[in-house]
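Hi,

Here is the structure I promised to pass on. Have a look at it first, and then read my notes below.

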Amino acid sequence: MANDVLLALFDDLDPVPDAMRKLRQMGLPDDRVTVMSSVPYQSQILARPRARDRMPRVALLGAILGLVTSVSLLAAAFLLYPVVQGGQPIVPVPPSLIITIEVTLLGTMWTIFFGFFVVNRLPAFGQPVYDRSITLGKIGVVVRPDEAQALEAEKALREAGAGDLQRLSGDEGAGNRAWIRFVLGVAGVLVVGAGASLLFAYGVIRIPFPSQMVDQDSVGYVQGPRLSVPAEAIPVQGPVLLADQPALAPVPATANSLQRGAVLYTIDCAVCHGVHGTGDGTLSSFFNPPPADLTSQDVQQLPDADIFLAITQGRGDMLKLAENLSPSQRWDVVNYVRSLQK
Amino acid sequence: MSERAQILVGRPPQPEDREQAQQIAQAQERHLLLDPRPAEEMEESILRPLSRGSVWYWTALLILGGAVLVAGLTWLTQMYWGMGLTGLNRPVMWAVYIANFVYFIGIGVAGTFISAVLRLLKFPWRAPVTRAAEMLTVFALATSGLFPLIHLGRTWKFYWMLPYPNQRGVWPSYHSALMWDMTAILIYLSSSVLYAWLAMLPDLGIARDRFEEGWRHRYFRILAAGWRGTEGQWRTLKTAITLFSLAIIPVMVFMHTIVGWDFAMAIQPDWHSSVFGPYFVTGAILSGAAAVIIVLAIIRRALHLEYFVRPEHFDGLGKLLLVFSVAWAYMYFNDYLVPWYGQEPAAKVIQQLFERGAASPLWLLMLFSNILLPWATLWSRRLRTSVPVVVVVSLFVQVGMYLERYLIVAVTLGRNELPFDWGQYTPHLAEILITIGAFSLIGFLFLVFVKLFPIIPMWEIQEGQMLHALRRIGALLVPTRAELD
């Protein structure tokens, strides 16, 4: 009996505020009454006290979450994986602002959505107190009186004009535990999905698909023939490369040259030859034979022009970097390679 | 009409004489919110299409689904045989796929914008329009999101764009406009889905109650997530929707601005323009508003929703279309005037190509569709309330906006700073099939959606009808709105 719930259905809005007043007069606390309707009625319309709306705080929390996420994301991107690009600083402010605003708003919106469910203890898939006719415009009043007040409350609701009054045994919150199953289900799907994608990522399952363009049976050309160079254009000659002869006047190994060389080395060489030149870059495991250890005796005893030539023309599996580096930049890299120590 | 069914109708004004009776009848014919019907009847007419299909429906589903299938197979073929199947060639390396991307994103931008802005500004006529607009956003955005992948060539390397610690030792570079773009699209797409769901929650509750049994009942029970319409749920829902709208409007502006920046950050002549951000946003809303009009007209006709979608809604959307046509013309003039005045050789070549060269028919058709036609028709209330006129104008705006994107992407790229590298692009079969498939995909998704969800927001109409009434001022009955929020 203690858990009995009264569900009164009103055909019209007008008697509802009256019923609320009557229930309050008999000393029933406001939080034991719930009103359900198919149209949003404000508290004042129903003569109910205004409850605090928690959504603005939820939104603020979301904004903060989003801000923190974006800042960490940018910090990770720029500081852990620095990319020297287009003369921009390592942490460029205007692009960071774009990402910060976007992700902050993302945090706000997602938190509003999920916060709405949390604040209302949804989803609830059990058998909460409800009646289908509420969607047709009836107004449902749920009262959870004490044992002593049950009869009195029933009478008050009838007097106010409740068309239909049901006494239900059960808890309004019954079935609220269903959301745990729901969350576990969603989490399960995500975990299984992530696990399945890992099977592909680590090559446990392989799809025979040409993933490198080299292996692809492409049709058609993509690069069309260039039109002939206009008559007034000045032809540019590349450097003359002769064994044991400098290709161009070498750039002296000044501090500036070494610094430039270090930056260029990070961009163009380190991915294979490793940050310290020891041939253990990120991609080194893909090569057989592996990339040369630049600190080794074999490399260091080569004349400058040979290193220059290797950069320019490539060597074995090494790509030619002539298009990436101008001759003077190549000399900067040569100077830097010379400075590498075990 | 049963006694129970009358509950939500409210109290219709009692006419005092024949003239007033006439005024009431007129107002009710014109305004949905003054013409309440019983909840049962209204819900029945919205939910009927869910369980009943017609031959037309299945035919349309088959045709559109077939086109989508063809496009999907074409994409697979292109993945296997490489981008040589397309007409892409130096210097035009961005063409129809990217034009489609911008076009569909533009349509997608406008849906949630229209829904959110109309909600925030409390436009009374918005109620039946919002859901269709929101879903247009979701579907168009999903479609446009496919195009960078289609354009990628090696689509399976897409995940390299995602920022997570990985064995490759590389992170995506946030210096790049393309990276901002991907972030913005993912954010806008996911948020648009959540936004549409949030606003649909009470309707899902209604659908759950109206289908008493069967899989539809179980399905709506899960989607409605236990919605009961308690006082607290309503209060939090309304605040949540308002706050969500406030957040999603800047996201939308940002997203299409970034699409503009994708171009403006390049040093291609005629792209490198600081007005591109707002210019793209304006064009997006113009094409999006026109798309919402077309979708509404089709839904109204096909699902027999003439009661809900009335000429007043086309009137309102037509005004929006006109305003954004004017704004677009202003932006376009900005983008046109500065290069025209500057007479830089590279920009001059492109302007000449548009005005007198091979591209001039497209250029003139674009100006006609985006400026001349809307300005010539939409100023008139009589034409705006005529559904066929508004739909035809909207179709022209679609053509105009598509041409605008095509001109910016595929034609402009053919004229860069180096004359020996100039070229011309023609779309190949693969690109045409995939484009047709993309348009079909949006129609297909809409067809699936109307079978699974209520396309007209019931609770917003019921709320609007509760708030609106005729008030007598002197001899005239005037529609008035109760300010409750």
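A residue is called buried here if 20 or more other C-beta atoms lie within 10 Å of its own. By that criterion, 46% of the 485 residues in chain B are buried. Please keep in mind that this is a predicted model.

Staying with chain B, its secondary structure consists of 16 helices and two strands. The radius of gyration is 24 Å and the globule rule gives 23 Å for 485 residues, so chain B is as compact as a globular protein of that length. Its C-alpha trace spans about 80 × 55 × 40 Å along the principal axes. As for the contacts in chain B between residues at least 6 apart in sequence, 80% of them join residues at least 24 apart.

In chain A, I spent my time on strand E3, residues 139–143. Which strands does E3(A) pair with? One is E1 (residues 4–10) of chain A, in the antiparallel sense over five bridges; in E3(A), Val142(A) has Leu7(A) opposite it. Another is E2 (residues 33–36) of chain A, also antiparallel, over four bridges, and here Met36(A) stands opposite Gly140(A).

Now for the two faces of that strand. In a regular strand the side chains alternate between the two faces of the sheet. Ile139(A), Val141(A) and Val143(A) point one way from E3(A), while Gly140(A) and Val142(A) point the other way. Are these residues buried or exposed? Five of the five residues of E3(A) are buried, so the strand is largely enclosed by the rest of the structure.

Best wishes

Definitions and conventions. Residues numbered from 1 in each chain as written. Chains lettered and ligands numbered in written order. Predicted model: local features only at pLDDT ≥ 70, side-chain atom pairs only at ≥ 80, totals over all residues. Rg over C-alpha atoms; globule rule 2.2 N^0.38 Å. Buried ≥ 20, exposed ≤ 12 C-beta atoms within 10 Å, placed from the backbone. Contact = placed C-beta atoms within 7 Å. Pairing = 2+ DSSP bridges.
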